[in-house]
Amino acid sequence: MHFESNASECNQIKLPETIQRLPATVTHQTYTKEFVISSELKSIPLGLWFNHIDDVDRVIVNEQQIGSTGKFPPNFESAFRHQRVYYIPSEVIRYNQFNRL
């Protein structure tokens, strides 16, 4: 199963902010962020650390999946209490340009 977001169907929120409980009809959420990484960091391994995500995640940078924890339905498996660290391969990064998480 692949989840995609249509920008016209999304609400913008400013993070970090407490996300309030959503109705049961909301089965997943997608967050995006654009960022720039300086080419001065090319020689340094880069990654993302997430303390807690409720319940399952799939992390994509520039259309390349760099990690996932837990399982989406129909074989749902929660990974709520798991911290995540995902390495970002340097070939995925667009240095000195906008990247999309």
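A contact here means heavy atoms within 4.5 Å. With that in hand, take Ile 88: leaving out residues up to four places away in sequence, Ile 88 touches Leu 46, Gly 47, Leu 48, Val 61, Ile 66 and Ile 93. Keep in mind that this is a predicted model.

## The overall picture

How many helices and strands does the protein chain have? There are 0 helices and 6 strands, and reading along the sequence gives the pattern β-β-β-β-β-β. Of the 101 residues in the protein chain, 20% are buried. Take the contacts between residues at least 6 apart in sequence: 65% of them join residues at least 24 apart.

As for confidence, the protein chain averages a pLDDT of 84, and 79% of the residues score at least 70. Among the elements, β2 has the lowest mean pLDDT, at 93, while strand β6 (residues 98-100) has the highest, at 96.

## The core

The largest nonpolar core has 10 residues: Ile 37, Leu 46, Val 59, Val 61, Ile 66, Tyr 86, Ile 88, Val 92, Ile 93 and Tyr 95. Both β3 (57-61) and β5 (84-88) supply at least two residues of this core.

So what do the side chains along β5 do? In a regular strand, side chains alternate between the two faces of the sheet. That is how β5 looks: Arg 84, Tyr 86 and Ile 88 point to one face and are buried, whereas Val 85 and Tyr 87 point to the other face and are not buried.

## Tyr 86 and its ring partner

Tyr 86 sits in strand β5. Is Tyr 86 buried or exposed? Its relative accessibility is 7%, and the cut-off for buried is under 20%, so Tyr 86 counts as buried. Not counting residues up to four places away in sequence, Tyr 86 touches Leu 46, Gly 47, Leu 48, Phe 50, Asp 57, Val 59, Ile 66, Gly 67, Ser 68 and Thr 69. For a sense of distance, the C-alpha atoms of Tyr 86 and Gln 65 are 9.9 Å apart, with their places 21 residues apart in sequence.

The aromatic pair count comes to 1. The pair is Phe 50 with Tyr 86: their ring centres are 6.3 Å apart and their planes sit at 55°, so the pair is tilted. Phe 50 is in strand β2 and Tyr 86 in strand β5, 36 residues apart, so this pair links distant parts of the chain. Phe 50 has a relative accessible area of 22%, so this ring is partly exposed.

The strands carrying those two rings are paired as well: β2 and β5 run antiparallel, joined by 5 bridges. Within that pairing, Phe 50 stands opposite Arg 84 in β5.

## Salt bridges

The count of salt bridges is 2. Here they are side by side.

| Salt bridge | N to O distance |
|---|---|
| Asp 57 and Arg 84 | 2.5 Å |
| Lys 71 and Glu 77 | 3.9 Å |

Where are the partners of the Asp 57 and Arg 84 bridge? Asp 57 is in strand β3 and Arg 84 is in strand β5, 27 residues apart, and the pair links distant parts of the chain. Asp 57 and Arg 84 are buried.

Now for the other bridge. Lys 71 has a relative accessibility of 44%, so Lys 71 counts as partly exposed. Glu 77, at 42% relative accessibility, is partly exposed too.

## The β3 and β4 hairpin

Asp 57 turns up again here. β3 pairs with strand β4 (residues 64-69) in the antiparallel sense, over 5 bridges, and Asp 57 stands opposite Thr 69 in β4. The hairpin of β3 and β4 has 2 residues between the strands, and Asn 62 in this hairpin takes a positive phi near 50°.

## A loop proline

Last stop: Pro 45, in the loop between β1 (34-36) and β2 (46-50). Why does Pro 45 count as exposed? Exposed means over 50% relative accessible area, and Pro 45 is at 64%, so Pro 45 counts as exposed. The C-alpha atoms of Pro 45 and Pro 89 are 8.0 Å apart, although the two residues are separated by 44 residues along the chain.

Definitions and conventions. Residues are numbered from 1 along each chain as its sequence is written. This is a predicted model: local features need pLDDT of at least 70, side-chain atom pairs count only at pLDDT 80 or more; totals for chains, interfaces and linings use all residues. Side-chain values use heavy atoms; hydrogens and water are left out. A nonpolar core is a set of buried Ala, Val, Leu, Ile, Met, Phe, Trp, Tyr and Cys residues joined through side-chain atoms within 4.5 Å. Buried means under 20% relative accessible area, exposed over 50%, partly exposed in between (1.4 Å probe, protein chains only). Helices (H or I, at least four residues) and strands (E, at least two) are DSSP runs, numbered from the N terminus. Rings of Phe, Tyr and Trp (its six-membered ring) pair if their centres lie within 6.5 Å; planes under 30 degrees apart count as stacked, over 60 as edge-to-face and the rest as tilted. A salt bridge is a side-chain nitrogen of Lys or Arg within 4 Å of a carboxyl oxygen of Asp or Glu. pLDDT is the predictor's confidence in each residue, from 0 to 100. Two strands pair if DSSP finds at least two bridges between them.
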